[in-house]
Amino acid sequence: MARWLELPKALWELICKKLDPVACHRFSGTCSSFQSLAIENQCCLLSSPLLMLPGKESSIPREFYSVYDGRTCEINLPELHGKWCLGSSYGWLFTVDSTSGEISLLNPITRAQIQLPPLSTFSDPPGLREEERGERNIKYIERATISENPSISNDFVVIAIFTDLRVFAFCKPGDKNWTTLTKQGDHCEDVIFHKKKFYAITNWGALKRWEHCHVDAPVETIIPAPKDEECLRRYLVETPDGGLLKVCRHIEWEEDDEDGDVGHSHTLTFKVCILDENGKRWVRVQNSELALFVGYNRAICVSAIDCPGGIQANSIYFTDDYFEGYYESPCGCFDNGVFSLEDESIKQICKKPPVWSTPCIWISPTPR
């Protein structure tokens, strides 16, 4: 390794600039010296999220699209064959085997895996009606997130939002079963680990907080549900400087047939607020140097200043997370784009956006 580092600096610069986004992340994860070279020469690529595109039938390679430079590259991921991805967090994919119900975390850059308790170990929450129970299949879990980066720490918690009641269940490394949380309430849309505590937002916009994932952990309502907030999707996201944002996504339903049985969601606009923890209120954000990435992932926030020319500041990059549409709508899901908070315009993410039949997911790669 030391002799490699003796190569002229100009040659290393040339090598780094030839790397595609995935190769750049793998290069930076080789050792601390290579990581420094990658940061020095390809900082923008390392800072920019990648969009994992849906796999083609019987295809093992998965395509990853870079919004920074518009390139698409492939990763050979046989680990995803026959599995459904229900989100990403810290660069790790949350996967469910559609046949066996096995659940695991997969790092697509390193292909490392962490086994979690299977679907069969979930317990139905109290109050769930018989007709709502259904099968333990991919529809049972709506989304999942991780409290800490598994590449850095083994002391992390995985939280899943499941069933039509949208309640929480959690597990830790080595657990045999998922534990249902009941005091946190139901009909929750998103959850995030922020400043060593868990924050969740409900369908009606109430913000809740608790400190430990335990069935008896006390829960505090930080901000009650507003009376005048009409919004069909909410996300929580942490800023690079430690702030907490609420992203409201306003969606309308468009019918694709005369009976209205088939249709798709269509995003109209977004609203972003930051939490004033002292006043316990949300403050509107209308102009910033940040770019947000929302969809089937732990919402990502990056500074556009760190990615000049590639990432659009004061914007929201969004993908379609209308869960039902991915396996019921014959039209697939195509509510994807880049929303400008400045003029409220929406652009395409890529030049020829496909109609996606399985979720496309933002990831913030972890090369270790």
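Two strands count as paired if DSSP finds at least two bridges between them, and the strands themselves are DSSP runs (E, at least two residues), numbered like the helices (H or I, at least four) from the N terminus. The model looked at here is predicted, so local features need pLDDT of at least 70 and side-chain atom pairs pLDDT 80 or more, while totals for chains, interfaces and linings use all residues. Residues are numbered from 1 along each chain as its sequence is written, and side-chain values use heavy atoms, with hydrogens and water left out.

On that footing, strand β6 (residues 103-106) runs antiparallel to β7, and four bridges join the two. Within this pairing, L105 has I114 of β7 as its bridge partner. Both strands belong to an open antiparallel sheet of four, ordered β4-β5-β6-β7. At its edges sit β4 (83-89) and β7 (113-116), each paired on one side only. Neighbouring strands here are turned by 25° against each other on average, direction ignored; the axes are lines fitted to C-alpha atoms, with angles running from 0 to 180 degrees between N-to-C directions.

Further along the chain, β16 (residues 233-238) and β17 (residues 244-255) run antiparallel, joined by six bridges. V237 stands opposite L245 in β17. The two strands make a hairpin with five residues between them, and G242 in the turn has a positive phi of about 95°.

As for packing, a nonpolar core is taken as a set of buried Ala, Val, Leu, Ile, Met, Phe, Trp, Tyr and Cys residues joined through side-chain atoms within 4.5 Å. Buried means under 20% relative accessible area, exposed over 50%, and partly exposed in between (1.4 Å probe, protein chains only). The largest core has 24 residues, of which F94, I103, F122, I141 and W178 touch the most other members. At least two residues of this core come from each of β4, β5 (92-97), β6, β8 (141-146), β9 (158-162) and β10 (167-171). Another core, of 16 residues, lies apart from it and includes A291, A304, C307 and V338.

Aromatic rings also pair up. Rings of Phe, Tyr and Trp (its six-membered ring) pair if their centres lie within 6.5 Å, with planes under 30 degrees apart called stacked, over 60 edge-to-face and the rest tilted. The count comes to 13 aromatic pairs. One of them, F122 with F162, is tilted, at 5.0 Å centre to centre and 55° between the planes. F122 sits in the loop between β7 and α4 (130-133) and F162 in strand β9, so the pair ties together parts 40 residues apart in sequence. Both F122 and F162 are buried. F270 and F318 have ring centres 5.3 Å apart and planes at 50°, so this pair is tilted. Here F270 lies in strand β18 (residues 263-276) and F318 in strand β22 (residues 315-318), so parts 48 residues apart in sequence are tied together. F270 counts as buried at 3% relative accessibility, and F318 is buried too, with a relative accessible area of 1%. Ring pairs also link F94, F122, Y140, F162 and W178 into a cluster.
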